[in-house]
Amino acid sequence: MQTYDLIIKKRDGHELEPEEIEFLISGYVQGKIPEYQMAALVMAIYFQGMGKEETVALTRALVNSGETIDLSGIKGTKIDKHSTGGVGDKVSLVLIPLLASLGFKASKMSGRGLGHTGGTVDKLEGIPGFRTDLNKKEFIDQVNRVGAAMIGQTGNLAPGDKKLYGLRDVTGTVDSIPLIASSIMSKKIAGGAENIILDVKFGKGAFMQEIDKARFLAETMVEIGKGMGRKVRAILSSMEQPLGRAVGNNIEVIEAINCLKGEGPEDLREVVISLAQAAFQLEHTDENREKTREKIEAEWKKGKPWDKFQEIVQAQGGNLPPEFPLATEFNFKADRTGFVFGLDARLIGRCSVVLGAGRKTKEEEIDHEVGIYLRKKIGERVQKGDVLASIYARDQQIFQQAEPLLQKAWLIEKEKPEIGQLIGDTIY
Ligand code: URA
């Protein structure tokens, strides 16, 4: 087999065979195939796309490139969840305890923030003492005992994806649906996931801004799951504006705790409920969604998700403080009267990075105490001088650096906007 011939084959729009894909990925990981040939190949994939079988074969090759985690020691209905990334996306902090309180075994391996989007591990590390680095045995024991554990990525999972992602990042080939889908699914499958629920975001703050592209990404990931013998369901949810009102780290944990206690915000609660419904439907495709909702809401009313969250925190060595510290509060005010017509999630995410809540480089430390609290969201009425957002920043100078982004993020118009859909289809 010659790499050159396989590049030409893909360039000319033909499908690669599974053994050819395995040859390419293993050769690349072992350093036998140089970066420039792999760059040409991913560009060919970018333009020609990949068929269903090719995408499954690519995922399998990425899984085979490193360690895999065996979660067969976890007894019961295992469930894992993944989000394609968003702003103010604290869904896992609420959903995982909820699923555990409903009897699932929720094993969650999360990432750190990426670009303008936040990461669950960063948020959890704001809880004093909370360990996100449980070893495999501790992880499995805790899921069996408590019903859930939330940790960072462990082991050398899908190193082929890590290398390929680095190459895609600098060659303009990140935005390819088969490459994104195989990248995400390879890490989930290498991490031992059997039943997977996916939260695929669409809208301004999402990877896939158009809902049709997000749907295609969701369908591709579901197909990969099926092709590899996993049960997968995906929901589409809006990232047109940030989810909830809090964006940052500590501030998102505070909002998640309020939601766990049953206090909203409503959009966060709705996304969590849709994903929990999808989890029930994984087991029984004909599960009645309304009945499931009643079951979920009843559990929530009894305070079970909040109890479970505290149990998880304690099991992972954390101590919930009476109050989470936040940096100095500055007010960002409206310069006109009207309705919030748009609130750009991507700009708010970038603003949170300027404040220090996210990383500009991989090595950077994040600041848990800075962030944004959105006081006006799409559809809400605003008077000139009203506070649009409370900004928690280290000093006035940093607040001023964030201001140009904030000014662009809100669109205020005279007429009231139509509110776009929060939850799209469920894909299975
Ligand atoms: N997230 C991933 O893990 N991989 C991609 O390719 C894009 C987003």
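This passage looks at charged pairs and one helix in a predicted model.

A good place to begin is Glu252, a residue of helix 11, which covers residues 250-260. Glu252 has a relative accessible area of 2%, and since buried means under 20%, this residue counts as buried. Even so, its side chain has a charged partner: Glu252 and Lys123 meet in a salt bridge, with N and O 2.9 Å apart. Glu252 lies in helix 11, whereas Lys123 belongs to helix 6 (residues 120-124), so the pair ties together parts that are 129 residues apart in sequence. Both partners, Glu252 and Lys123, are buried. The two side chains are also joined by a polar contact of 2.9 Å. Beyond its neighbours within four places in sequence, Glu252 touches several other residues, among them Gly88, Asp89 and Lys90, as well as Ala246 and Val247.

Side chains of opposite charge can pair when their charged atoms come close. In this model, the count of salt bridges comes to 26. One of them joins Asp199 and Lys201, whose side chains meet at 2.8 Å, N to O. Asp199 has a relative accessibility of 0% and therefore counts as buried; Lys201, at 1%, is likewise buried. These two residues do not stand alone, for Asp89 is linked with Asp199 and Lys201 in a network of salt bridges. Asp89 has already appeared above, as one of the residues in contact with Glu252.

A further salt bridge is formed by Asp267 and Lys377, with the closest N and O atoms 2.9 Å apart. Asp267 lies in helix 12 (residues 266-283), while Lys377 sits in the loop between strand 9 (371-374) and strand 10 (381-382), so this pair ties together parts that are 110 residues apart in sequence. Asp267, with a relative accessibility of 18%, counts as buried because the cut-off lies at 20%. Lys377 is buried too, at 7%.

Turning from pairs to a whole element, helix 9 runs over residues 177-190 and has 14 residues. How far apart should the ends of helix 9 be, at 1.5 Å a residue? The expected span is 20 Å, and the end C-alpha atoms are indeed 20 Å apart, so the two values agree. As for its surroundings, 13 of the 14 residues of helix 9 are buried, which means that this helix is largely enclosed by the rest of the structure. After helix 9 comes Gly192, a residue with a positive phi, near 95°.

How values were computed. Residues numbered from 1 in each chain as written. Predicted model: local features only at pLDDT ≥ 70, side-chain atom pairs only at ≥ 80, totals over all residues. Heavy atoms only, no water. Helix = DSSP H or I, 4+ residues; strand = E, 2+ residues; numbered from the N terminus. Buried < 20%, exposed > 50% of the residue type's maximum accessible area, 1.4 Å probe, protein only. Polar contact = N/O pair within 3.5 Å; in protein donor to acceptor, adjacent residues only side chain to side chain. Contact = heavy atoms within 4.5 Å. Expected span 1.5 Å × (residues − 1). Salt bridge = Lys/Arg side-chain N within 4 Å of Asp/Glu carboxyl O.
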